[in-house]
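Welcome to a short tour of how strands and helices are arranged in this model. Please keep the structure open beside you as you read.

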Amino acid sequence: MLPIKYEGDVFRPPSEAKSLILQATIGCSHNRCTFCSMYKRKKFRIRNLDEIKKEIVLTSRMLPHTRRVFLADGNALAVPTEQLLETLELLDQSFPGLERVSLYGNPYDLLEKSRAELIKLREHKMGIVYLGIESGSARVLERIKKGVTPDQIAEGALRAKAAKVPLSITVLNGLAGLEGSDEDARENALLLNRIDPEYLGLLSLMTVPGTTTHRQFSRGELTPLGPWEMLKEIRMIVEGLNLSNCTFRANHASNYLPLKAVLSRDQEKLLASIDQVIEQKAPGSLKSEYLRGL
Ligand code: SF4
């Protein structure tokens with residue numbers, strides 16, 4: 001058994017399934033997005049470095065060959081740079097084969113760090129920042145209380161890019177409802193083109209009971225997208241993208257149709273495959289509702 005006592009539920013991106021997970025923070029420093037219930041039961045705090053050090057030292061004896069570490073919780077990038085550097089240094093000393101440390105960040109965490117700090121963090125093996133931007137639309141971002149504007153997201157993301165810190169960006173489809181779907185898709189593509197991320201993941205909204213977003217959809221203030229409408233929204237984003245070399249994934253458990261490609265290289269092929277599914281509307285071509293998950 002690992003010598004780590006995780007506090008509450010711990011979340012990680014699917015691509016970090018094989019990473020050692022350490023909690024550098026508890027909860028999310030923002031914790032106000034109207035669709036998100038992940039950290040509602042946690043009061044945000046940055047964990048004491050001594051606690052983390054103890055876990056790293058003990059874990060390194062059991063798993064000395066660890067190559068990847070994911071720092072949880074919601075936004076470990078909120079940890080002050082000096083403390084984050086100390087954590088990264090200790091990880092590097094404790095795990096001789098360490099290749100990469102990754103973490104979740106909020107767009108404003110990137111704005112809090114200077115380019116020089118981000119370079120230093122990257123030099124200490126901070127190899128990827130998972131950045132949930134959710135939408136490129138100012139209207140949607142305001143409604144979901146993301147706490148940042150598209151310009152601020154672009155500024156933070158471009159600072160990371162200037163520091164050569166790879167970004168994995170997540171967009172949440174369906175947030176604008178049917179009435180705002182086209183506009184949201186267009187604005188998502190515009191913002192993503194400004195950022196030109198290394199990785200991009202599209203998730204499809206599943207509203208969580210008890211959240212404001214769930215209430216807004218239940219009261220009819222917004223119309224939920226059906227499976228085909230969700231796929232059309234995704235298609236519209238893909239069509240509007242102009243990226244240099246991005247690993248694109250829309251194969252999360254919430255998506256109705258698993259998609260993956262390298263963009264822009266495979267863009268035409270990807271669009272053609274989506275069109276074929278939309279045209280044929282074959283029964284069973286999209287995931288059934290009961291098989292979707294968060
Ligand atoms: S910033 Fe992320 S983790 Fe925090 S409330 Fe928003 S979606 Fe949830």
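Two strands count as paired if DSSP finds at least two bridges between them. With that in mind, here is a predicted model whose eight strands form an open sheet with mixed pairing. The points below start with that sheet, go on to a crossover, and end with two helix pairs.

**The sheet as a whole**

- Reading across the sheet, the strand order is E1-E4-E5-E6-E7-E8-E9-E10.
- At the edges you will find strand E1 (20-23) and strand E10 (260-263), each of which pairs on one side only.
- From one strand to the next, the twist averages 20 degrees.

**Strands E7, E8 and E9**

- Strand E7 (residues 167-173) and strand E8 (residues 199-204) run parallel and are joined by six bridges.
- To find your place in this pairing, look for Ser168, which stands opposite Tyr199 in E8.
- Between these two strands the chain travels through H7, giving a right-handed β-α-β crossover from E7 to E8.
- E8 also pairs with strand E9 (residues 246-249), again in the parallel sense, over three bridges.
- A handy marker here is Gly201, which stands opposite Arg249 in E9.

**Helices H7 and H9**

- The crossover helix H7 spans residues 177-195 and packs against helix H9 (residues 227-240) at an angle of about 30 degrees, with the axes 8 Å apart.
- Because angles under 35 degrees count as roughly parallel, H7 is roughly parallel to H9.
- H7 passes H9 in a right-handed crossing.
- On the H7 side, the contact is made by Leu178, Ser181, Asp182, Asp184, Ala185, Arg186, Asn188, Ala189, Leu192 and Asn193.
- H9 contributes Glu229, Glu233, Met236, Ile237 and Gly240 to this contact.
- Sorted by class, the H7 and H9 contact holds six nonpolar, four polar and five charged residues.

**Helices H1 and H2**

- Helix H1 (residues 49-62) and helix H2 (residues 81-94) cross at roughly 15 degrees, and their axes come within 10 Å.
- That angle makes H1 roughly parallel to H2.
- The crossing of H1 and H2 is right-handed.
- Leu49, Ile52, Lys53, Ile56 and Ser60 of H1 meet Gln83, Glu86, Thr87, Leu90, Leu91 and Ser94 of H2.
- By class, the contact of H1 with H2 comprises five nonpolar, four polar and two charged residues.

Definitions and conventions
Residues numbered from 1 in each chain as written. Predicted model: local features only at pLDDT ≥ 70, side-chain atom pairs only at ≥ 80, totals over all residues. Heavy atoms only, no water. Axes fitted to C-alpha atoms, helices over the stretch in contact; angles between N-to-C directions. Helix = DSSP H or I, 4+ residues; strand = E, 2+ residues; numbered from the N terminus. Parallel < 35°, antiparallel > 145°, perpendicular 65-115°, else oblique. Left-handed = near helix turned anticlockwise from the far one by under 90°. Contact = heavy atoms within 4.5 Å. Nonpolar A, V, L, I, M, F, W, Y, C, P; charged D, E, K, R; others polar. Right-handed = clockwise from strand over helix to strand, strands pointing away.
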